[in-house]
Amino acid sequence: MSILLAQNLSKRFGSIQALDQLELAIDKGVFFGLLGPNGAGKSTFMSVVTGFLTADSGNIQIDGETLDPSNSQQNRLVGFAPQNIALYKELSAEKNLQIFGKLFGLKGKELSRQIDYALEVAQLTDRRKSSVKAFSGGMKRRLNIAVALMHKPKILLCDEPTVGVDPQSRNAIFDTLLGLKSEGMTIVYSTHYMEEAERLCDEIGIIDAGKILRCGSPDSLLRELPRTNLITARASSLSPEQREAIEQFGEVMEQGAALQLKTPPEFKLSRFYQWTEEQGLDASEFQMEQPSLEALFLNLTGKDLRE
């Protein structure tokens, strides 16, 4: 059974249709990626799930029950790490967690245990007494996630959690989230970086203009792309005769100093490399472009994912 189910979900802000009859089902324990450009509806969807916004129509079910923002027990099922850092910068990491933990009714030993747990998960135990204003961007992001874990949610929503952080901090955030997933937590992760979605997610929903266009595992989504390969080589590596002969494998295009070969669905890679060997060409001169989620998004919408 789905732990998070959205049915016919719509939300409008004036003339902007932020969510447009969105349909989505996420199973328990899945690391689910919402992949789409800025303005696609990712943050609006998460805000509706958390009860910060009310949908104009449609409904959401969490763990089999219809969303009711006034239900405090249901609210504890969802943790939310927003894109905008929601921390008290003058206070320590520990004090921030105390404040947010108390908002969820935690106290005494239970509160202390959850603070220890959240700091350990976020890899910030050694900085528990440090002021948040002294933290790097990546450390603030991890503490933001730690806050969302204080009430032991079943679902963690992360809205663009790596915005503005360096590669090392990004990897630390990935480690934190993958660790939570290994503990059985359901994670919903919004991003416009296709490499993040491919690296982290069991399933991906491609979202644009408030609609889920496709949903599935990364491999299943990539199989929807037209079966073509793009092979690139330096034009100078081929003789004029080889340049003409390579056209037997597909459409040849010149891009500056590079030569690109766009192959048809029936293309046989083994036959191509047999030809390069017969011609005495170095196979490493030829680079094959692999199908990507970015290419799928372009194929579905006609737009670049990073627009």
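Where do the axes of H5 and helix H6 stand: how many Å apart do they come, and at what angle do they cross? That was my opening question for this predicted model.

**Entry 1: the helix pair**

I looked up the two axes and found that they come within 9 Å, with a crossing of roughly 15 degrees. Helix H6 covers residues 167-182. Angles under 35 degrees count as roughly parallel, so I noted H5 and H6 as roughly parallel to each other. I also checked the hand of the crossing, and for H5 and H6 it is right-handed.

Next I wanted the residues that meet there. From H5 I listed Gly138, Arg141, Arg142 and Ile145, and across from them in H6 I listed Ser169, Ala172, Ile173, Thr176 and Leu177. Sorted by class, the contact of H5 with H6 holds four nonpolar, three polar and two charged residues.

**Entry 2: salt bridges**

How many salt bridges does a search of the whole structure find? My search came back with 14. I picked out a few to look at individually.

My first pick was glutamate 94 with lysine 129, whose closest N and O atoms are 2.6 Å apart. Glutamate 94 sits in helix H3 (residues 93-103), while lysine 129 is in the loop between helix H4 (108-121) and helix H5 (137-148), so this pair ties together parts that are 35 residues apart in sequence. Are the two partners buried or exposed? Glutamate 94 has 13% relative accessibility and counts as buried, whereas lysine 129, at 63%, counts as exposed.

I then turned to glutamate 110 and lysine 152, whose side chains form a salt bridge with an N to O distance of 3.7 Å. Here glutamate 110 belongs to helix H4 and lysine 152 to the loop between H5 and strand E7 (155-159), so I have a link between distant parts of the chain, 42 residues apart. Glutamate 110 is partly exposed at a relative accessible area of 28%, and lysine 152 is also partly exposed at 48% relative accessibility.

My last pick was glutamate 254 with arginine 243, a salt bridge of 3.6 Å, N to O. Glutamate 254 is in strand E12 (residues 251-255) and arginine 243 in helix H9 (residues 240-245), eleven residues apart. I noted glutamate 254 as exposed, at 54% relative accessibility, and arginine 243 as partly exposed, with a relative accessible area of 23%.

**Entry 3: a network**

Which residues do salt bridges with shared partners join into one network? I found Glu94, Asp116, Arg128 and Lys129 in it. That brings me back to the pair of glutamate 94 and lysine 129 from my second entry.

Definitions and conventions:
Residues numbered from 1 in each chain as written. Predicted model: local features only at pLDDT ≥ 70, side-chain atom pairs only at ≥ 80, totals over all residues. Heavy atoms only, no water. Salt bridge = Lys/Arg side-chain N within 4 Å of Asp/Glu carboxyl O. Helix = DSSP H or I, 4+ residues; strand = E, 2+ residues; numbered from the N terminus. Buried < 20%, exposed > 50% of the residue type's maximum accessible area, 1.4 Å probe, protein only. Axes fitted to C-alpha atoms, helices over the stretch in contact; angles between N-to-C directions. Parallel < 35°, antiparallel > 145°, perpendicular 65-115°, else oblique. Left-handed = near helix turned anticlockwise from the far one by under 90°. Contact = heavy atoms within 4.5 Å. Nonpolar A, V, L, I, M, F, W, Y, C, P; charged D, E, K, R; others polar.
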